[in-house]
Amino acid sequence: MIEIKNISKKFGKLEVLKNVSASCNSGQCIALIGPNGCGKTTLIKSILGMVIPDSGSMEFNQKSIFGDYLYREKIGYMPQIGRYPDTMTIGEIIEMVKKIRNSKDNLDEDLFRDFEIEKMLNKQMRTLSGGTTQKISAVLAFMFNPDVLILDEPTAGLDPLAAEVLKEKIIKEKGKGKLILITSHLLSELDDLISEIIFMQEGKIFFHKKVNELKEETQEDKISKAIAKILRAN
Amino acid sequence: MNRIVKIILSDILKNKIVLVYTLILAVLSWSSFGMEDNTAKGMLTILNVILFTVPLVSILFATIYIYNSSEFIELLVSQPIKRSKIWISLFISLSLSLIISFLIGSGIPLLINAPDFNGIMMLIIGVLITAIFVSLAFFSAIFNRDKARGIGTSIVIWLFFALIFDGLILFLLFQFSDYPIEKPMIFVTSLSPIDLARIQMLLHLDASAMMGYTGALFKEYFGNGIGIAVSLLLLFIWVIIPFVLSLKKFKTKDL
Amino acid sequence: MKYFLIILLFFSLSLKATTIHVGKKHEVKSVKKGIALAKDGDTLIVHGGLYKEGNIKIDKRIVFLGKGLPVLDGEKKHEVLSIHADSVVVDGFKIIRCAYATITDPCGIKVYNRSHVLIQNNVLDDNFFGIYLQNAQKCTIKNNTLKAYGKEEQQLGNGIHCWKSNDILIIANRIDGHRDGIYFEFVYDSLIWRNISTNNVRYGLHFMFSHSDTYITNIFRNNGAGVAVMYTKDVKMFNNTFDENWGASAYGLLLKDITDSYIFNNKFNSNTSAIYVEGSSRNKIEKNQFNANGWAMQIQASSMDNEVVNNNFIGNTFDMGTNGSLVLNTFDSNYWDKYEGYDLNKDEIGDVPYHPLSLFAVLIENNPSAMLLFRSFMITLLDKSEKVLPSITPDNFIDNKPQMKPLPLL
């Protein structure tokens, strides 16, 4: 579904992505993990077309994404830190994105209901806490029933209750055969969610493995421990 | 395009600064026509507004607005919208809102007090100057990541066209006063949108000003129908070029 | 005896002054023949119609009268009317199409070395020179309308041209489209009154070496280079209007080497340079109105002892211009609309002197191309700072008694 081939990106002198290749298919739930500053967010932003790689190619459903924008209709993106226009209210933001997406039917309003957004529609964005902002991001990402969900640190700012709601939602969507791409530091959270792991280090993909393979190789049943073992072995 | 323009436009028009700007233009224009007993003098006051206030407010407001909507732009970029569409929509809405302010603030008194060729010419030039300085704001905002630097660049751009450029021309005129430099100078002068607008308007308003050989040359180059068309075209190019450069940059910018 | 005397007197009168009619319906068909038949003192009445008789020479002291505007056509080959006698009256003709020649200067009507000629109520159309007085005295030119159509100076002659004459009256003529509207050279003690001179290719009025003449209530409008007066003393110009004389070297009034003259109560509207003064001295310019001119006055440093008093300067681009730093003229008690001073003691005279010479005017004088920057923000700044701290403009170029209100001039 998403085909990444040999992409590199420099910010000034800093090489953020070095010749990264990866392949992601529908039905998979992939965790993109790695230390801070390893290039996870840059890779995600490249897929979204927010960052333009210096070299390499990227395909979405066998079509290059460079110069294309319609493919983003099939992606729901939840940013690490959602930044929205200060003066707009939650209701306005949701309305606006609906207008831009131009889709009235087939809206997925599970999270809208579960997070009880209805009550806050008139609040201005700048008055919101980080957690609430994340809820809005999540609502927007899931709302349009996209084939691909890209979630950048989805549970980082959420309270445990909301995090659980979101997790269940992710599992539900995974069941529908969607491709889900998650970055997270909290490996323990991912255990019952993910099917594959991409581990990045210093702008490179250190490994890309299925979870059960990984567990078999390392003889561990927790992902976090398995990864720790691999890292120690190197 | 329409949806985004509508969204941004409604956001800008909520902004109090645009309202205040409209009000200031209205006060300046009405009072200049009210105080001066002849319309020509009122027109000259409005010309000064067009050459001074309009560029300054346009470039500053647009620059600040672009920086303040960086989140909004980021949000839009992750959505299925063409990048160029986002940038063009932003430009259209910003120019449109400032042009509407100008038309309400200065346009109405202008058309009531001078409903002739000069009045309409003045309106067209005011609209073009607004668009030019919004376009320059896009140019300065896209090439400076830092907000403070971007605003600084915008002020310098304004100062350059309002003041420094004329200083350079004066310097050149006196440096090369022994040579026949009128024709090259006319060319050089038309490189500044403010000067071009000023001279084009003066040719119509205040003919007593444009006298002597230089005045005659100017009439020859800019005073006739072709001249008017050419200078309007030049002003239009001034709208296009900075914006197109910024658009090119925006298309490949990392957010 | 008594009756005989009366009869004799009657006969002698009728002998002396007969009236001859010329026209299609009359016995005499030709103007020339009519003149040939006439004697001194006779009246020749020419009736309406077209007369193509080449050059008509009037060499007798007759009244030459047109009835129903007869047309004398020079067919572009001849001078139309040549007057070689004193006390001739020419009245009521339409004189058209005289010849064009640069050496002999053919005219519509020309007076050769005569006096007491009266030329009135004629229409002169498409002539090279219009009315030409050569070495004439005590002549009157009145109520004539002159029009010419050339585009270039070389193709055109002057409307009313006087050379080496004196005691001439030029009253209520309209001159349009000639080279110079009215031209005087060596003409003394004459009066030019109520004429309208417009659209002439060079000057509306042009005179040289013509002393002690007076110009009253004339209108000079839209002439190629305005009005030029040169090398003359004792000129009086009252109540004239100088309008819309536009162009690179056009003046409302150009004074060149004019001395001891008085320019009073004239109106100058929308001229490139309302009054340009060069090499002139001891003139008084008083109670004039200067409206919306490029320069109200340009006084070159070669002029001295001129007085500029009690004038109104309103809406001019520049009030003053000069080419040097030497100021030997006085400016007093004028009204300047650009004056920004105050009047604390309420005597209607500003408490601080006014500097009518702006920095930009000096810049323009040195470098006319700087006009490019007119009304730019930078020039406004420079002008303001110069007003506060004069550095380049001569500091004695001032009006010490600027008026707070315009003078009530009509």
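Two strands count as paired if DSSP finds at least two bridges between them. Strand 6 and strand 7 (residues 148-152) of chain A clear that bar, with four bridges joining them in parallel. That's one corner of what is a predicted model, so here's a quick tour of how its chains are built and where they meet. Of the two pairs of chains that touch, B and C share the most contacts. Chain A and chain C, on the other hand, don't touch.

**The sheet in chain A**

- Chain A has an open sheet of six strands, running in the order 6-7-8-3-9-10 with mixed pairing.
- Strand 6 (75-78) and strand 10 (204-210) of chain A sit at the edges with a single partner strand each, so each has one side left without a neighbour in the sheet.
- On average, neighbouring strands of this sheet are turned by 15° against each other, ignoring direction.
- Helix 1 (residues 40-48) of chain A packs on the sheet and touches strand 3 (29-33), strand 6, strand 7, strand 8 (179-183) and strand 9 (196-201) of chain A.
- The direction of helix 1 of chain A makes about 150° with that of strand 7 of chain A.

**Pairings within that sheet**

- For the parallel pair of strand 6 and strand 7 of chain A, a handy marker is G76(A), which stands opposite L149(A) in strand 7.
- At the other edge, strand 9 and strand 10 of chain A run antiparallel and are joined by six bridges.
- There, M200(A) has I205(A) in strand 10 of chain A as its bridge partner.
- Strand 9 and strand 10 of chain A make a hairpin with two residues between the strands, and E202(A) in this hairpin takes a positive phi near 50°.

**Chain B, helices throughout**

- Chain B comes to eleven helices and zero strands.
- The C-alpha trace of chain B spans about 60 × 45 × 30 Å along its principal axes.
- A compact globule of 255 residues would have a radius of gyration near 18 Å, and the 19 Å of chain B agrees with that.

**A helix pair inside chain B**

- Two packed helices are described by the angle between their axes and the distance between the axes.
- Helix 3 and helix 9 of chain B pack at about 175°, and their axes are 11 Å apart.
- With angles over 145 degrees counting as roughly antiparallel, helix 3 of chain B is therefore roughly antiparallel to helix 9 of chain B.
- Helix 3 of chain B brings A40(B), M43(B), L44(B), L47(B), I50(B), L51(B) and P55(B) to the contact.
- Facing them from helix 9 of chain B are I194(B), A197(B), R198(B), M201(B) and L205(B).
- By class, this helix contact has eleven nonpolar, no polar and one charged residues.

**Where chain B meets chain C**

- The contact takes 27 residues from chain B and 19 residues from chain C.
- On the side of chain B that touches chain C, helix 3 (39-68), helix 7 (147-175), helix 8 (182-189), helix 9 (193-205) and helix 10 (212-223) of chain B each supply at least two residues.
- Helix 7 of chain B has the largest share of that side, at eight residues.
- That side of chain B splits into 16 nonpolar, seven polar and four charged residues.

**Where chain A meets chain B**

- Here 18 residues of chain A are in contact with 18 residues of chain B.
- Helix 2 (residues 90-101) of chain A gives the most to the side of chain A that touches chain B, with five residues.
- That side of chain A has twelve nonpolar, one polar and five charged residues.
- As for chain A and chain C, their nearest C-alpha atoms are 37 Å apart.

**Two domains in chain C**

- The domain assignment gives chain C a domain 1 (18-224) and a domain 2 (225-357 + 394-410).
- Taken over C-alpha atoms, the centres of domain 1 and domain 2 of chain C are 36 Å apart.
- Domain 1 of chain C puts 23 residues into the contact, and domain 2 of chain C puts in 23 residues.
- On the domain 1 side, the elements giving two or more residues are strand 22 (205-208), strand 23 (214-216) and strand 24 (219-221) of chain C.
- Strand 22 of chain C has the largest share of that side, with four residues.
- The domain 1 side of chain C divides into nine nonpolar, eleven polar and three charged residues.

Conventions: Residues numbered from 1 in each chain as written. Chains lettered and ligands numbered in written order. Predicted model: local features only at pLDDT ≥ 70, side-chain atom pairs only at ≥ 80, totals over all residues. Contact = placed C-beta atoms within 7 Å. Nonpolar A, V, L, I, M, F, W, Y, C, P; charged D, E, K, R; others polar. Axes fitted to C-alpha atoms, helices over the stretch in contact; angles between N-to-C directions. Parallel < 35°, antiparallel > 145°, perpendicular 65-115°, else oblique. Domains from an automatic or database assignment. Rg over C-alpha atoms; globule rule 2.2 N^0.38 Å.
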